Amino acid sequence: MWKNQNQNRADLFGSSSSSNQNSAYNREQQTALLYEQQNDLRMEELASKVSALNRITIDIQNEVHGQHAILDQNSNSFNEFGASFATTVKKLNVMVSQKLGKSMCWMVSAIVILFFIVYFILTRMNST
C-alpha cells in the first residue's frame, strides 16, 4: 500500500526514481539521435569529397590520354622529319662530291651568311 501511495505521489509530483530513469533514457536517446545526425552529415560530406576526387581522377585520366596522343603525333612528325633530313643530307653529299657542287655549296653558304648580316644590321638600326 505504501508503494502504491508513493507511486501515486511520484506520478503526481514527478519526483520518483523511475522518472529519473526515464529522463536519463531520453537524454541517451537524444544523444544517440544527435550522434546519428552528425554521422549522416559527415557521411554526406565524405560522399561529396569522394565524388570530387572521382571527377578529378577522370579528368587526369583524360588529360593523360590526350597528352599521349600528342606525343604520338610528335613522334611521327619527328620520324618523318628525320627521314626527310637523311634524304637531304644524302643529296647534299652527292652534290658536294661533284666539282660543280662544291662551288655551289660555297655560294649558297655565302648568300645565307650575307642575309643574316643584313638582317642583323637592319634590326639594330630599327631598334635605335
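These points go through the fold, the surface and a few individual residues of the chain.

1. The coordinates come from a predicted model, and the remarks below should be taken as a reading of that model. The chain has 3 helices and 0 strands, and, counted from the N terminus, its elements follow the order α-α-α.

2. As to how much of the chain is covered, 2% of its 128 residues count as buried. The accessible surface of the chain amounts to about 12000 Å², and carbon and sulfur atoms account for 63% of that surface.

3. Helix α2 comprises residues 17–97, and E36 is placed in this helix. E36 counts as partly exposed because its relative accessibility is 43%, a value that falls between the limits of 20% for buried and 50% for exposed. Together with D40, E44 and E45, E36 forms a negative surface patch.

4. Helix α3 takes in residues 99–127, with F116 among the positions it contains. F116 also contributes to a nonpolar surface patch of about 820 Å², whose other members are M104, M107, V108, I111, V112, F115 and Y119.

5. The UniProt record, which is an unreviewed entry, carries the annotation "transmembrane region" for residues 104–122, and this assignment is reported here as it comes from that record. In the model, the span of residues 104–122 is 100% helix and 0% strand, and the C-alpha atoms at its two ends are 27 Å apart.

6. C105 is another residue of helix α3. With a relative accessible area of 26%, C105 is classed as partly exposed, since the buried class requires a value under 20% and the exposed class a value over 50%. Between C105 and M95 the C-alpha to C-alpha distance is 8.2 Å, for a separation of 10 residues in sequence.

7. Taking the two patches side by side, the negative one consists of E36, D40, E44 and E45, whereas the nonpolar one includes M104 and Y119. E36, from the negative patch, belongs to helix α2, while F116, from the nonpolar patch, belongs to helix α3.

Definitions and conventions
Residues numbered from 1 in each chain as written. Predicted model: local features only at pLDDT ≥ 70, side-chain atom pairs only at ≥ 80, totals over all residues. Heavy atoms only, no water. Patch = residues over 30% accessible without salt bridge, like charges linked within 9 Å, V, L, I, M, F, W, Y side chains within 5 Å. Areas by Shrake-Rupley, 256 points an atom, 1.4 Å probe, with all protein chains shown as cover. Salt bridge = Lys/Arg side-chain N within 4 Å of Asp/Glu carboxyl O. Lys, Arg positive; Asp, Glu negative; His and termini not counted. Charge placed at Lys NZ, Arg CZ, Asp CG, Glu CD. Helix = DSSP H or I, 4+ residues; strand = E, 2+ residues; numbered from the N terminus. Buried < 20%, exposed > 50% of the residue type's maximum accessible area, 1.4 Å probe, protein only. UniProt positions renumbered as here; feature names shortened; annotations may be inferred.
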